[in-house]
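User: Could you take a close look at the interior of this one for me? I'd like to hear what is packed away inside and where empty space is left, in one connected walk-through.

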Amino acid sequence: MSEREPPRDDSQRLRGALRRALLEVEVDGQRGWVTITVGPGPAQVRAISEDGDEGGPLVEAALEALGFGDPSGALLGPQASQPPGLRRESLLPQGDARVDAPLSTAGVAFEDLVTAIVRVGLDEALEAPSVEAARERLLSACAAPAPLGLARFLGRLRAGLAERDPVTVTRLLDEASRFASAARQRAPSPTDLKRIQIMLGPGRDGVSSVSDCVLVELSREWVAGVERHSVERRLLVDSRSGELLVECRLQKGTASLGPCPRVLRVGLAEIESGPAPRRIHILQYEVGHALDASSFDSIAQHAERDLSALRARYQRDIKQYPGLAEPHALFAPARVDRDLGLQLCDASGDALPLRRRGDEGRSAALERACAEVSPEWVVGTLHERPEGLALDPCGVALRHDGAVRYLRLR
Amino acid sequence: MPTDTDDRDVAHTLVQILSACHAAAIIEPVERRSDTPPAISASPADSSFMGQVMSPAGSAIVVADMTDEGTLLALARGGTLAQRRAALARLADLVDYRALSAEHLRIVAEGVAQNRDVELAYEVAAVRARLQGGGRAARAEREAWERLVEQLVADIARFWDGQLEHEPLGRLPGSDRAQVFLRTRDLPDAVVAHISALAEGTDGLLGALERREVLAALRHAADARLVPALVNVLHAGGDALVREAARALGRIDDPRVAPALRAAFDRTAVDATHLVVASALALAGDMRGAQEAAEALTRGEPSLVPFVLEALESLGDREQGDALCAYLDAPDPSLRVRACRTLARVADGRVLAQLDAHRRASKVSAERAELEEAIDAIVARMELRGEEAIVPDPAETRDAAVAPLASRAPFRQRMRAYWNNLVGTLWLAFGAVGRATARFETASQQRPGWAQPLVSMGLAFVRRKEYAQALNAFRRALTAERQRVERNPLVVGPVARAFLRRAEEVERDGRHEIARGLVIEALSLDLRRAPSEVRFELHRLGDALGRRLGE
């Protein structure tokens, strides 16, 4: 409010001093609580009912009672036009409104989601109407079907809330918060633009073409998107660089054909810039259906062997994109420790444990496969636990009678 | 932060601080500690021998330590699926270790030969292969299998290279395909990856119906390499696919199975799919669906009855015996057969008398066979529990049913028929099929009700791959001496195969109704002595044709 002209009468003075108010309002027999918040900087007024609605008769009546009312209901939603002096900073100037309105709306919706979850707390957030409403607003702010980045974000958030996993939920809310800040910028930085592209789908500048490379698909799974198990994700490794990539598709979308595991000779593909693992769209390819010795050799060459480096990479990825990065690892252990369940150790003796909770039995399956032999390398998803990183295995290469075999675990 | 700070700002600042704290903590090495997975909920306590063998809570009796072949054979007959498999595996080990005397080996061979459960085809074959040793027949069988796999691997490579237009498994003869699905555990990784792609629908060729057929065929594969694909189907497939995937998963011994099935169980409403998933979960050692299955049995909703019976195979208890017996009189033959199988697994000794009465009254060989199998399984389980089964000697009454009808002909007429049959066989040995057939026909006319010449004629046609002609001869043989034909493994196998091959021929011509009629006719026979892969393929083909015809 400080940037506005000083109020001229008492009611204006009152409104100038107001930061937050909780009103019980009754309209046509319907009664409910409305929270009104007035932002500190450039004027921001926000009203939300206990159901999470930012519009409706209760909200209008509450705003009117405090003198923020507008008969046209102009203040009530982020998509509505703002009266002079009360325009939210997150909304872009009028000239850009047509282009950036959805982005701005998405930004506000992300803000709401963060606020709603923090308000109700981790234990209640999964079923809370305000959180569900914020989620719906976020989805309606984007074109249907929801872009992959957003779909995955929402899927992971729901899973994190269901498991009451504070680490995952915090990361995702941090990402939402960063997105909201990025969307609010009049001139977003390249980092902000990239964040927006990853979440809402890349433009042409967010994609690079690759040709003539050999990829090895190691696992495929259906992960949560907007709906449960609505995104298929295939994990591939570039045999030249060792980079892990993912090919994703929505349930009715298309992806490359072929079994898993397999070798793909890619004629043309597009890779989106973004968090690890980057998304790849395979356009022209040939399937060589079985993994041969050279595939195993090249993968083994690129496998990570130092756990401190792996942790540093994970930290870097997570710091950059806390809610978008889903770091995977291809790790070749120097040895395994079976004393307290299977743990993968590097040469210095540092151990990477397996994820036991929420791993759907994959760790136990890996343990069973490694009962008599040591793994050559293990590929999997990295997860944070209170004690540190753990690996949820996707597959393992084992040496049997001199030959290496790959066992797909997911 | 001031006390009047906006909720929004508080929330955003909070999550940023927390996130940064977590990120900073990652760099620290992990303190090693034990992190054991949550235990699977144990099945209801059963303090009998049956409950103690391989109990999820920690087995008091370890199958791998058992040495008494009688107990192992009974366990292979009357135990749970996991117990039956473990018992057969132990028998195979005992044969391998030369731990059995000649007399004990004979008992094992006889006992295993009587175990005709398709679910155990792989394990039974393994014991039999060890019993046979490196004989000529075993070697020929092994070489045929190796040729089949080699060809399949080459065809699969050509398929993915785009040089083969059709899917290679689909073009295999039915019994070969059935062998592939029953012996999946012996297949190379490339073939399993191909089958997984078919199950997941990433082959770009199969439609929904064909994909469902592939999944149905994987029911007894029991190969852990298929788990990722089947779990993916469980997550993303429609109801029909989920049911097939659950059935296949439940029969795989792998730590990933129970969590995937539990998730599917939690998200499906109580209906057909829920019951199938509950049943699969019970096979994996988790009995959480027992109450719902029992309630569904009490409700008796007609559309759910087949699924309730299927669920109770693994979830039922002995108190449900009477309710299940009611379905032995169901008008639908498939329900009667299913009820037999469920009763066999529930194993309530009190229903033995009812089963025996139905067996005596049954006019359909297949049903009689199912009833006999159920009686044997219940008796075996009662033996394991230390109980005594009160039932008329099944072997005695079963053998008495084989009526020596043909022996009533006069001696001279019988001798002439023998002579013509002998000459026909000699002509056949020289390849003169026409002459041989004429002799067999004469012998058959001279001694009506004697199946031998008709069987010989049928077998000759089978060798020439003239299955339509063979069917005619076999049908006549079955009319003459049905039980002799059904009880001879050397005859009933080719009979079943002739029906299967002819059904496949007719199906390829697009006459699905006729093909289904042939399969149903074959399945009405007592096929317990026919090879597992042929029985498996007949059932699979029957189901597939049923679905195609919209049933």
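Analyst:
**The interior, from a helix outward**

In helix 9 of chain A, the buried residues are A:Leu307, A:Leu310, A:Arg311, A:Arg313, A:Tyr314, A:Gln315, A:Asp317 and A:Ile318. Keep in mind that this is a predicted model. That helix runs over residues 307–320, and its length checks out: 14 residues at 1.5 Å a residue should span 20 Å, and the end C-alpha atoms are indeed 20 Å apart.

Now to the nonpolar packing. In soluble globular proteins, nonpolar side chains tend to be buried together. The largest nonpolar core here has 99 residues, and those with the most contacts inside it are A:Leu215, B:Ile195, B:Leu218, B:Leu230, B:Leu234, B:Leu261 and B:Leu355. Helix 14 of chain B, residues 272–283, supplies the largest share of this core, eight residues. To see what the packing looks like from one residue, sit on B:Leu218: leaving out residues up to four places away in sequence, B:Leu218 touches B:Phe181, B:Ile195, B:Ala199, B:Leu226, B:Leu230 and B:Ala248. Apart from this core lies another, of 63 residues, with A:Ala106, A:Ala134, A:Leu344 and A:Ala365 among them.

On to the empty space. Rolling a probe the size of a water molecule over the atoms shows where such space is left. Searching the whole structure turns up eight cavities of 30 Å³ or more. The largest cavity holds about 260 Å³. Its lining has 22 residues, and A:Val246, A:Pro277, A:Arg279, A:Leu324 and A:Glu326 are the closest to the centre. In chain A, helix 5 (148–163), strand 5 (231–238), strand 6 (244–250) and strand 8 (278–288) each put at least two residues into that lining. Helix 5 of chain A gives the most, with five residues. By class, the lining splits into eleven nonpolar, four polar and seven charged residues.

One of those central residues has a backbone worth checking. The peptide bond from A:Ala276 to A:Pro277 is cis, with omega near -10°. You'll find A:Pro277 in the loop between strand 7 and strand 8 of chain A.

The second largest cavity has about 130 Å³ of space. Chain A lines it with A:Cys260, A:Pro261, A:Tyr406, A:Leu407 and A:Arg408, while chain B brings B:Asp189, B:Val192, B:Ala193, B:Ser196 and B:Arg225. The elements that give two or more residues are strand 15 (403–408) of chain A and helix 9 (189–200) of chain B. That chain B helix gives the most, with four residues. The class split for this lining is six nonpolar, one polar and three charged.

Here, too, a cis bond turns up in the lining: the peptide bond from A:Cys260 to A:Pro261 is cis, with omega near 0°. A:Pro261 sits in the loop between strand 6 and strand 7 of chain A. A:Ser256 lies in that loop as well, and at 2% relative accessibility A:Ser256 counts as buried. Not counting residues up to four places away in sequence, A:Ser256 touches A:Arg234, A:Glu247, A:Arg262, A:Leu264, A:Ile282 and A:Tyr285.

A couple of backbone oddities belong in this tour. A:His229 has a phi near 50°, a positive value in a residue other than glycine. A:His229 is in the loop between strand 4 (207–223) and strand 5 of chain A, and its 13% relative accessibility makes it buried. In chain B, B:Ala222 has a positive phi of about 55° despite not being a glycine. B:Ala222 belongs to the loop between helix 10 (208–217) and helix 11 (227–236) of chain B, and B:Ala222 is buried at 11%.

For a fully buried example in a helix, try B:Ile375, at 0% relative accessible area, in helix 20 (residues 365–385) of chain B.

Last stop, an open space. The second largest pocket has about 1,200 Å³. Of the 37 residues that line it, B:Ala121, B:Ala125, B:Arg128, B:Glu141 and B:Glu533 are the closest to its centre. Helix 6 of chain B gives the largest share of the lining, nine residues, and the chain B helices supplying at least two residues each include helix 7 (136–160) and helix 28 (532–548). By class, this lining has 13 nonpolar, eight polar and 16 charged residues.

Terms used
Residues numbered from 1 in each chain as written. Chains lettered and ligands numbered in written order. Predicted model: local features only at pLDDT ≥ 70, side-chain atom pairs only at ≥ 80, totals over all residues. Heavy atoms only, no water. 1 Å grid on protein atoms, 1.4 Å probe; cavity = no way out; pocket = protein on both sides within 12 Å on 5 of 7 lines; lining within 4 Å. Points joined across faces, edges and corners; volume = space filled by probe spheres on them. Nonpolar A, V, L, I, M, F, W, Y, C, P; charged D, E, K, R; others polar. Core = buried A, V, L, I, M, F, W, Y, C linked by side-chain atoms within 4.5 Å. Buried < 20%, exposed > 50% of the residue type's maximum accessible area, 1.4 Å probe, protein only. Contact = heavy atoms within 4.5 Å. Expected span 1.5 Å × (residues − 1).
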